[in-house]
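Hi,

Here is the model I said I would pass along. Have a look at it first, and my notes on what turned up follow underneath.

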Amino acid sequence: ASEPSYFDQQRDMLVGEIAVSLEKVLQNLNKLNRSLEEVIGVGNEFSPVEALWSQFENVMAKDPAENEDAGQRAHGDEHDDDDE
């Protein structure tokens, strides 16, 4: 068996370096994936708070005249009951 040529030696060395580099890339992708899962988990913890603020925003965004009409209807219904 003859010795590998210079080209074969260099190719094997480069293939080995590429394999090591790809392993590092895979490890870093796994770390990134775990970090993204943690970020998503933290974000999901704020979902109830976001829903509460959204409800508050919807209440505050209503037209004040609309709120007065609703209040008058409610008071009008109470007065109708008193008349009976």
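Phe56 comes out as partly exposed, because its relative accessible area is 45% and the partly exposed class lies between 20% and 50%. Bear in mind that this is a predicted model, so read everything below as computed from that prediction.

Which residue does Phe56 pair with? There is one aromatic pair in the structure, and Phe56 forms it with Trp53. The arrangement is edge-to-face, with 5.5 Å centre to centre and 85° between the planes. The angle is what decides the label, because planes over 60 degrees apart count as edge-to-face. Along the chain, Trp53 and Phe56 sit three residues apart in helix 2, so about one helical turn separates them.

Is Trp53 buried or exposed? Its relative accessible area is 57%, so Trp53 is exposed; the cut-off for that class is over 50%.

Both rings also belong to something wider. Trp53 and Phe56 are part of a nonpolar surface patch of about 750 Å², together with Val42, Phe46, Val49, Val59 and Met60. Which element gives the most to that patch? That would be helix 2, residues 47-61, which supplies five residues.

Now for the charged side chains. How many salt bridges does the whole structure hold? The search finds two, and Arg11 takes part in one with Asp8 and in another with Asp12. For Asp8 and Arg11, the N to O distance is 3.5 Å. For Arg11 and Asp12, the closest N and O atoms are 3.9 Å apart, which still counts because the limit is within 4 Å. With partners shared in this way, Asp8, Arg11 and Asp12 are joined into one network.

Asp8 and Arg11 are also three residues apart, this time in helix 1 (residues 6-45), so they too have about one helical turn between them.

How much of the network is open to the surface? Asp8 has a relative accessible area of 24% and is partly exposed. Arg11 falls in the partly exposed class at 41%, and Asp12 does as well, at 47%.

If you open the model, I would start with the ring pair of Trp53 and Phe56, and then go over to Arg11 and its salt bridges with Asp8 and Asp12.

Cheers

Notes:
Residues numbered from 1 in each chain as written. Predicted model: local features only at pLDDT ≥ 70, side-chain atom pairs only at ≥ 80, totals over all residues. Heavy atoms only, no water. Patch = residues over 30% accessible without salt bridge, like charges linked within 9 Å, V, L, I, M, F, W, Y side chains within 5 Å. Areas by Shrake-Rupley, 256 points an atom, 1.4 Å probe, with all protein chains shown as cover. Helix = DSSP H or I, 4+ residues; strand = E, 2+ residues; numbered from the N terminus. Phe/Tyr/Trp six-rings, centres within 6.5 Å; stacked < 30°, edge-to-face > 60°. Buried < 20%, exposed > 50% of the residue type's maximum accessible area, 1.4 Å probe, protein only.
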